[in-house]
Amino acid sequence: FAGDAMFVEWRMGEEYDTHGFFRQKKTGYMKIKDCVYAAAVCGAMVVKKCGDYPIYAKTASGGQGEQVATLNVHCGLGVGKMGGVHVGNDYSRRLYLVLGDPIDQVSEACDSAK
């Protein structure tokens, strides 16, 4: 693996107003099935819009040259309890670490999605 990663979470119990996301207007509080569905749809949309993204060289005049690479994206989904902790300080480097079984699940799913 080389590149960046993006982790997105949907929290159970959060209030929501879907505006048609679930193919019908729903309001209320997220249940686990809502969170999983939202994550799966989001992941599928990211793969559809960003998969097989062509990268072109620039010509001497600054225009688009030949295709030199293709960026790809794949997606994994995990479900369960997570925790997060800030590591570092406000003066130098600061990271936010996310821990829990869903992180391992996402890693395994991404490896399978290649």
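Buried residues, meaning those under 20% relative accessible area with a 1.4 Å probe and protein chains only as cover, make up 12% of the 114 residues in the chain; by the same scale, exposed means over 50% and partly exposed lies in between. What you have open is a predicted model, in which local features need pLDDT of at least 70 and side-chain atom pairs count only at pLDDT 80 or more, while totals for chains, interfaces and linings use all residues. Residues are numbered from 1 along each chain as its sequence is written, and side-chain values use heavy atoms, with hydrogens and water left out.

**The overall layout**

Begin with a cartoon view of the whole chain, which has two helices and six strands, these being DSSP runs numbered from the N terminus (H or I of at least four residues for helices, E of at least two for strands). Followed from the N terminus, the elements run β-β-α-β-β-β-β-α.

**Helix α1**

Select residues 32–50, which are helix α1. The expected span of a helix is 1.5 Å times one less than its number of residues, so the 19 residues of α1 should span 27 Å, and the end C-alpha atoms are indeed 27 Å apart. Within this helix, show the side chains of Asp 34, Cys 35, Ala 38, Ala 39 and Gly 43, which are buried. They cover an arc of only 160° around the axis, which puts them on the same side of α1; the arc is that of the directions from the helix axis to the C-beta atoms. Turn to the other side of α1, where Lys 33 and Lys 48 are exposed.

Stay with Gly 43, which counts as buried at 8% relative accessibility, and add Leu 77, which belongs to the loop between β4 (64–71) and β5 (83–88). These two residues are 34 residues apart in sequence, yet 8.0 Å separates them in space, C-alpha to C-alpha. Leu 77 is partly exposed, with a relative accessible area of 32%.

**A nonpolar patch**

Keep Leu 77 selected and add Met 12, Ile 32, Val 36 and Val 79, since together these residues form a nonpolar patch on the surface with about 380 Å² of accessible area. Patches are made of residues with over 30% relative accessible area and no salt bridge, like charges being joined within 9 Å and nonpolar side chains (Val, Leu, Ile, Met, Phe, Trp, Tyr) within 5 Å; the areas come from the Shrake-Rupley method with a 1.4 Å probe, and for residues only the protein chains shown count as cover. One member, Ile 32, lies in helix α1 and counts as partly exposed at 44% relative accessibility. Measure from Ile 32 to Gly 13, and you should find 8.7 Å between C-alpha atoms, for a separation of 19 residues in sequence.

**The residue after α1**

Move to Asp 52, in the loop between α1 and β3 (53–58), which has a positive phi of about 50° although it is not a glycine. Most residues other than glycine have a negative phi. Asp 52 counts as exposed, at 54% relative accessibility.

**Cysteines**

Next, display the cysteine sulfur atoms: a search of the whole structure finds zero disulfides, a disulfide being a pair of cysteine sulfur atoms within 2.5 Å. For Cys 42, the nearest cysteine sulfur is that of Cys 75, at 7.3 Å. Cys 42 counts as partly exposed at 25% relative accessibility, whereas Cys 35 is buried at 7%.

**Two salt bridges**

The structure holds two salt bridges, each defined as a side-chain nitrogen of Lys or Arg within 4 Å of a carboxyl oxygen of Asp or Glu. Select Glu 9 and Arg 11, whose closest N and O atoms are 2.6 Å apart; Glu 9 is partly exposed at 41%, and Arg 11 is partly exposed at 49%. Then select Asp 90 and Arg 94, where the closest N and O atoms are 2.7 Å apart; here Asp 90 counts as exposed at 62% relative accessibility, while Arg 94 counts as partly exposed at 45%.

**Helix α2**

Finish with residues 101–112, helix α2, whose twelve residues should span 16 Å and whose end C-alpha atoms are 17 Å apart, which agrees. Its buried residues are Pro 102, Ile 103, Val 106 and Cys 110. They cover an arc of only 100° around the axis, which puts them on the same side of α2. On the other side of α2, look for Asp 101, Glu 108 and Ser 112, which are exposed.
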